[in-house]
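Good morning. I will go through one structure, a few residues at a time. Please look at the screen.

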Amino acid sequence: MQFFKTNRGVIAYWFLSLITFGIYPLYFIHRVHVELNEVCKDDGKKTRGFFLYFFFGLITIGIYPICWWCFAANRMNDCMTRNNMKPRISAVSWLCWNIFGSLLFGLGPIIAMYKFIHSLNDVNEIHNQQVRASITANQTAQATAAAVAAAQAAIAAQQAAAQASAATVITPVIEEKTEEN
């Protein structure tokens with residue numbers, strides 16, 4: 001079990017996208033795939049990886065990537081709802097921000113990505129809390145097992161000491177009786 005990043009930001013996303021000439025978004029898609037499949041593994045769904053994203057994106061002329069982002073947004077939405085958190089984004093809001101928000105001087109896609117990244121941070125925080133709880137439970141169980149083993153060893157040592165002292169007390173009494181005869 002591993003911890004996932006919870007401090008991603010939209011400014012860093014756009015900055016890295018610019019300086020890597022569009023390579024960082026491809027890496028980000030890979031990370032979303034890996035993290036959502038681990039964090040949301042209980043829902044029985046799978047988020048497809050980058051190669052299928054790219055391949056089907058070419059075949060469907062860009063429709064599959066839109067579906068992929070919507071599926072990922074809904075998957076995060078469901079995970080947050082299951083964990084009693086208020087979802088930040090859904091497939092519908094992602095689509096609306098990207099389509100209609102583009103009319104707001106191009107700010108819609110930035111807002112959609114902001115909401116998506118912060119939803120991913122929230123979902124990862126849920127996962128990290130579960131990992132911390134699991135680690136704490138394992139450490140508690142190990143400490144309890146060690147304490148039980150130490151207590152059993154101490155009891156065994158006390159019993160051995162008691163048997164040894166009883167044997168030394170009984171032995172001289174038997175020897176004194178044999179000398180009198």
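Where is Phe-105 found? Phe-105 lies in the loop between helix H5, residues 91–99, and H6. Before I go on, note that this is a predicted model.

Now the backbone at that place. Phe-105 is not a glycine, although its phi is positive, at about 55 degrees. Is Phe-105 buried or exposed? Its relative accessible area is 84%, and it is therefore exposed, since the cut-off for exposed is over 50%.

Another loop residue can be described along similar headings. Ile-61 sits in the loop between H3 and H4. Ile-61 also has a positive phi, about 55 degrees, and is not a glycine. With a relative accessible area of 75%, Ile-61 is exposed.

That loop brings us to its two helices. In general, a packed pair of helices is described by the angle between the axes and the distance between the axes. For helix H3, residues 50–59, and helix H4, residues 63–82, the angle is about 140 degrees and the axes are 6 Å apart. How are H3 and H4 oriented to each other? They are oblique, because an angle counts as roughly antiparallel only over 145 degrees. Which residues make the contact? On the H3 side they are Leu-52, Tyr-53, Phe-56 and Gly-57, and on the H4 side Tyr-64, Pro-65, Trp-68 and Trp-69. Sorted by class, this contact has seven nonpolar residues, one polar residue and no charged ones.

Let us stay with H4. This helix has 20 residues. From the first C-alpha to the last, H4 reaches 29 Å, close to the 28 Å expected at 1.5 Å a residue. Several H4 residues are buried, among them Tyr-64, Pro-65, Trp-68 and Trp-69, which we just met, and also Arg-75. After H4 comes Asn-84, and its phi is positive, near 55 degrees.

Keep Arg-75 in mind for the next residue. What joins the side chains of Asn-37 and Arg-75? They are joined by a polar contact of 2.9 Å. Asn-37 belongs to helix H2, residues 23–39. The relative accessible area of Asn-37 is 15%, so this residue is buried, the cut-off being under 20%. If we leave aside neighbours within four places in sequence, Asn-37 is in contact with Lys-45, Lys-46, Thr-47 and Arg-75.

Next, a residue from H6. His-127 has its place in that helix, which covers residues 107–180. His-127 is buried, with a relative accessible area of 5%. What does His-127 touch, leaving aside its neighbours within four places in sequence? The contacts are Gln-2, Phe-4, Glu-38 and Val-39.

The last residue is Ser-17, in helix H1, residues 10–19. Its relative accessibility is 11%, so Ser-17 counts as buried. Beyond the neighbours within four places in sequence, Ser-17 is in contact with Gly-22, Tyr-24 and Pro-25. How far apart are Ser-17 and Tyr-27? In sequence they are ten residues apart, and in space 9.9 Å, taken from C-alpha to C-alpha.

To recap, Phe-105 and Ile-61 are exposed loop residues with positive phi. Asn-37, His-127 and Ser-17 are buried residues in helices. H3 and H4 pack at about 140 degrees. That is the end of my part.

Notes
Residues numbered from 1 in each chain as written. Predicted model: local features only at pLDDT ≥ 70, side-chain atom pairs only at ≥ 80, totals over all residues. Heavy atoms only, no water. Axes fitted to C-alpha atoms, helices over the stretch in contact; angles between N-to-C directions. Helix = DSSP H or I, 4+ residues; strand = E, 2+ residues; numbered from the N terminus. Parallel < 35°, antiparallel > 145°, perpendicular 65-115°, else oblique. Contact = heavy atoms within 4.5 Å. Nonpolar A, V, L, I, M, F, W, Y, C, P; charged D, E, K, R; others polar. Buried < 20%, exposed > 50% of the residue type's maximum accessible area, 1.4 Å probe, protein only. Polar contact = N/O pair within 3.5 Å; in protein donor to acceptor, adjacent residues only side chain to side chain. Expected span 1.5 Å × (residues − 1).
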